[in-house]
Amino acid sequence: MNMKTMLGTIGAGLLLGAQAASAAPFGGEEDTAYAASLWNALTEANLVGEGRTMSAPYTGQHPHGAILDTIDGEVTVEGTTGPVIIKRNYGGEGVTRQAVWNAPDDYLGAVTVMFKREGYDPDNHDWFWVKYLPSGELATNPKGVPLAGRVAKGMDQGCIACHSAAPGGDMVFGHDRIQ
Ligand code: HEC
């Protein structure tokens, strides 16, 4: 291989690498590590895990679940302090608001979280999006990519696409408190 061909091959490799990085706005190593730090911060704040603080369960909307409870707080993750919104998604046989309030762990399907991480994604109000399983493990999309980070920036489905329609232009459906 002569020098010119070799450089061309290396150049193509770099380009492919850059494209792969920009094609994955979520679910990479950095995002999954950050999601783990966020889960730890939420555990310390008693917002997830055993004995977590609850709010009154209510009847939910697609796609989040039959019954939901939503709670806001503030946490510090790797040096960034910001507001966080946690939605617990409940479902399963016999699910009712009363049943969930009595035994939340029997019905908890997923925990979806928005953490306002300053500087992370100015195009989308700096929200860091995550979908956890009740254990704190990350939920994945059908391709096996963890749902953590800018989910799914530039795509026409996913957290960002749907939450862009929230009233108040802040990507939050429930209120317009955090701008
Ligand atoms: C198809 C639309 C849609 C998608 C996709 C979606 N959401 Fe939501 N989300 C909603 C709606 C509607 C609400 C308000 C539901 C309610 O409380 O009754 C909501 C509420 C929330 C809330 C509470 C704050 C708020 O906006 O009121 C959080 C947190 C949340 N979603 C996280 C996520 C995460 C994380 C993802 C992606 C893994 C996601 N959502 C995907 C529609 C969507």
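Two strands count as paired if DSSP finds at least two bridges between them, and strands (E, at least two residues) and helices (H or I, at least four) are DSSP runs numbered from the N terminus. The structure is a predicted model, in which local features need pLDDT of at least 70 and side-chain atom pairs count only at pLDDT 80 or more, while totals for chains, interfaces and linings use all residues. Residues are numbered from 1 along each chain as its sequence is written, and side-chain values use heavy atoms, with hydrogens and water left out.

**View 1. The open sheet and its strand pairs.** Six bridges connect β4 with β5, and the two strands run antiparallel; within this pairing, K116 has W127 of β5 as its bridge partner. The sheet as a whole is open and has six strands in the order β1-β2-β3-β4-β5-β6, with antiparallel pairing. Because β1 and β6 (148–149) stand at the edges with a single partner strand each, one side of each has no neighbour in the sheet.

**View 2. The β2–β3 hairpin and the β1 edge.** Eleven bridges join β2 to β3 (residues 80–90), again in antiparallel fashion, and T70 is bridged to K87 in β3. These strands form a hairpin with two residues between them, and E78 in the turn has a positive phi of about 45°. Two bridges join β1 to the antiparallel β2, where I67 is the bridge partner of T59.

**View 3. The iron site.** H64 and H163 coordinate the iron atom of the ligand, each through NE2, at 1.9 to 2.1 Å, where donors are N, O and S atoms within 2.8 Å of the metal (3.2 Å for Na, K and Ca). Six donor atoms surround the iron atom and subtend angles of 84 to 179°, which makes the arrangement octahedral (six donors, with opposite ones over 155 degrees apart and all others between 65 and 115). The two histidines come from distant parts of the chain, 99 residues apart, with H64 in the loop between β1 (58–59) and β2 (67–77) and H163 in helix α5 (residues 159–163). H64 is partly exposed at a relative accessible area of 24%, whereas H163, at 12%, counts as buried (buried is under 20% relative accessible area, exposed over 50% and partly exposed in between, with a 1.4 Å probe and protein chains only).

**View 4. Aromatic pairs and charges over rings.** Rings of Phe, Tyr and Trp (its six-membered ring) pair if their centres lie within 6.5 Å, with planes under 30 degrees apart counted as stacked, over 60 as edge-to-face and the rest as tilted; three aromatic pairs result from this rule. The ring centres of W39 and Y132 lie 4.7 Å apart with the planes at 55°, so this pair is tilted, and it links helix α2 (residues 29–44), which holds W39, to strand β5 (residues 127–132), which holds Y132. Y120 and F128 form a tilted pair at 5.4 Å and 55°, and together with Y34 they form one aromatic cluster. R150 lies over the face of Y120, 4.0 Å from the ring centre, and the charged end of K116 sits over the ring of W127 at 4.9 Å from its centre (NZ of Lys or CZ of Arg within 6 Å of the ring centre and within 35 degrees of the ring normal).

**View 5. The largest nonpolar core.** This core has 27 residues, of which L38, L42, F128 and Y132 touch the most other members (a nonpolar core is a set of buried Ala, Val, Leu, Ile, Met, Phe, Trp, Tyr and Cys residues joined through side-chain atoms within 4.5 Å). Helix α2 gives the most to this core, with six residues.

Terms used. Four donors count as tetrahedral if all angles lie between 85 and 135 degrees; four count as square planar and six as octahedral if opposite donors are over 155 degrees apart and all others between 65 and 115; anything else is irregular.
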